[in-house]
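Here's a walk through one fold, starting from a single strand and working outwards. Keep the viewer open while you read.

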Amino acid sequence: MVSRSVPEGLLVLTPLAIEAWAMRRGLPGVTVLKTGLGREKSIEALSMVDRIDPKVLVIAGFCGALDPSLEPGDLVVASGVRGPDGSCLTLESESLVLALRGDEIRVRSGLIVSSEHLVRGGERKTLYRAGGMAVDMESAWLARTARCRPLAVVRVVVDTPGRELFDPIKTIGGGVKGLRTLTRLGPALRNWALHQRDRVGA
């Protein structure tokens, strides 16, 4: 079967190469697939995931904070993912959040909104008022490949309403903190994935 190429049945999707590097460091031996930035690349990646046929799927990478209380390096585990068309996928996040907190990772659970463009200024406030905690440019489309597979979406904050991407100095600092967080997710993600795989296989 094709799924034998996925150790432990877990496949991790990351939009960027630097995110993939961090996840491979934290999850040695686990298959990590770089999918590319944005909506179009995410849609193109769906067929690759189907060919691999994992048992459990994780979407991981950077995000921008909508909630002003979030700081660079904080992790958001999605309780739901909403696309720009308003469609929303609800996810179970509590078990993973508890595991990550056990590893002393600063983590929150909330709605991640996916956008087709970089979100700044007033648009951040609008999305936050509509219930969003964080924003990215891929998860809503990548999540389509989960189908009936267990799925977790974990995104680490690199920019915030007070530290937006157009400020390169602050963004570099946020990126470094984000990478450190991504490399620490391995133990909790591995245990969560094994539990999900065993539960589905039962």
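Val77 has Ser109 as its bridge partner in strand S6. That pair belongs to a set of seven bridges joining S4 to S6 (residues 107-114), and the two strands run parallel. Bear in mind that you're looking at a predicted model.

S4 itself covers residues 75-82 and is mostly covered, with seven of its eight residues buried. S6 isn't its lone partner. Strand S8 (residues 151-159) is joined to S4 by three bridges, this time antiparallel; in that pairing, Leu75 stands opposite Val156. Then there's S5 (residues 88-90), which pairs with S4 in the antiparallel sense over three bridges, with Thr90 as the bridge partner of Gly80. S4 and S5 make a hairpin with five residues between them, and Gly86 in the turn has a positive phi of about 90°.

**A charge without a partner**

Which residue of S4 is buried yet has no salt bridge? That would be Arg82, which is found in strand S4. The nearest side chain of opposite charge, Asp85, is 7.9 Å away from Arg82. A salt bridge needs the nitrogen and the carboxyl oxygen within 4 Å. So what does Arg82 touch, leaving aside neighbours within four places in sequence? Its contacts are Ser87, Cys88, Leu111, Ile112, Val113, Ser114, Leu127, Ala130 and Ala140.

**Salt bridges elsewhere**

The structure holds ten salt bridges. Here are three of them, with the distance between the closest N and O atoms.

| Residue | Partner | Closest N and O atoms |
|---|---|---|
| Glu40 | Arg39 | 2.3 Å |
| Arg106 | Glu71 | 3.9 Å |
| Asp136 | Arg155 | 3.0 Å |

How buried or exposed are these pairs? Glu40 counts as partly exposed because its relative accessibility is 49%, and Arg39 is partly exposed too, with a relative accessible area of 30%.

Arg106 forms its salt bridge with Glu71. This pair links distant parts of the chain: Arg106 sits in the loop between H3 and S6, Glu71 in the loop between S3 and S4, and they're 35 residues apart. At 52% relative accessibility Arg106 counts as exposed, whereas Glu71, with a relative accessible area of 43%, is partly exposed.

Asp136 forms a salt bridge with Arg155. Asp136 lies in strand S7 (residues 132-136) and Arg155 in strand S8, so this salt bridge ties together parts that are 19 residues apart in sequence. Both Asp136 and Arg155 are buried. There's also a network of salt bridges, linking Asp50, Asp53, Arg147 and Arg149.

**The nonpolar cores**

Back to Leu75, the residue opposite Val156 in S8. Leu75 turns up again in the largest nonpolar core, a set of 30 residues; those with the most contacts inside this core are Val12, Met23, Val58, Leu75, Leu100, Val154 and Leu185. The elements giving two or more residues to this core are strands S1 (10-14), S3 (56-65), S4 and S8, along with helices H1 (17-26), H3 (94-102), H6 (168-183) and H7 (186-201). Another core lies apart from this one, with 25 residues, among them Ile59, Ala65, Val81 and Ala134. As background, nonpolar side chains tend to be buried together in soluble globular proteins.

Leu100 is a handy place to look around in the largest core. Setting aside neighbours within four places in sequence, Leu100 is in contact with Leu75, Val77, Ile105, Val107, Leu185 and Ala188. Val77 is the residue whose bridge partner in S6 is Ser109.

**Zooming out**

The protein chain has seven helices and eight strands. Along its principal axes the C-alpha trace spans about 50 × 35 × 30 Å. How does the radius of gyration of the protein chain sit beside that of a compact globule? For 202 residues such a globule would have a radius near 17 Å, and the chain has 16 Å, which agrees. Buried residues make up 53% of the 202. Contacts reach a long way along the sequence, too: of those with a separation of 6 or more, 74% are between residues 24 or more positions apart.

Technical notes:
Residues numbered from 1 in each chain as written. Predicted model: local features only at pLDDT ≥ 70, side-chain atom pairs only at ≥ 80, totals over all residues. Heavy atoms only, no water. Buried < 20%, exposed > 50% of the residue type's maximum accessible area, 1.4 Å probe, protein only. Helix = DSSP H or I, 4+ residues; strand = E, 2+ residues; numbered from the N terminus. Pairing = 2+ DSSP bridges. Lys, Arg positive; Asp, Glu negative; His and termini not counted. Contact = heavy atoms within 4.5 Å. Core = buried A, V, L, I, M, F, W, Y, C linked by side-chain atoms within 4.5 Å. Rg over C-alpha atoms; globule rule 2.2 N^0.38 Å.
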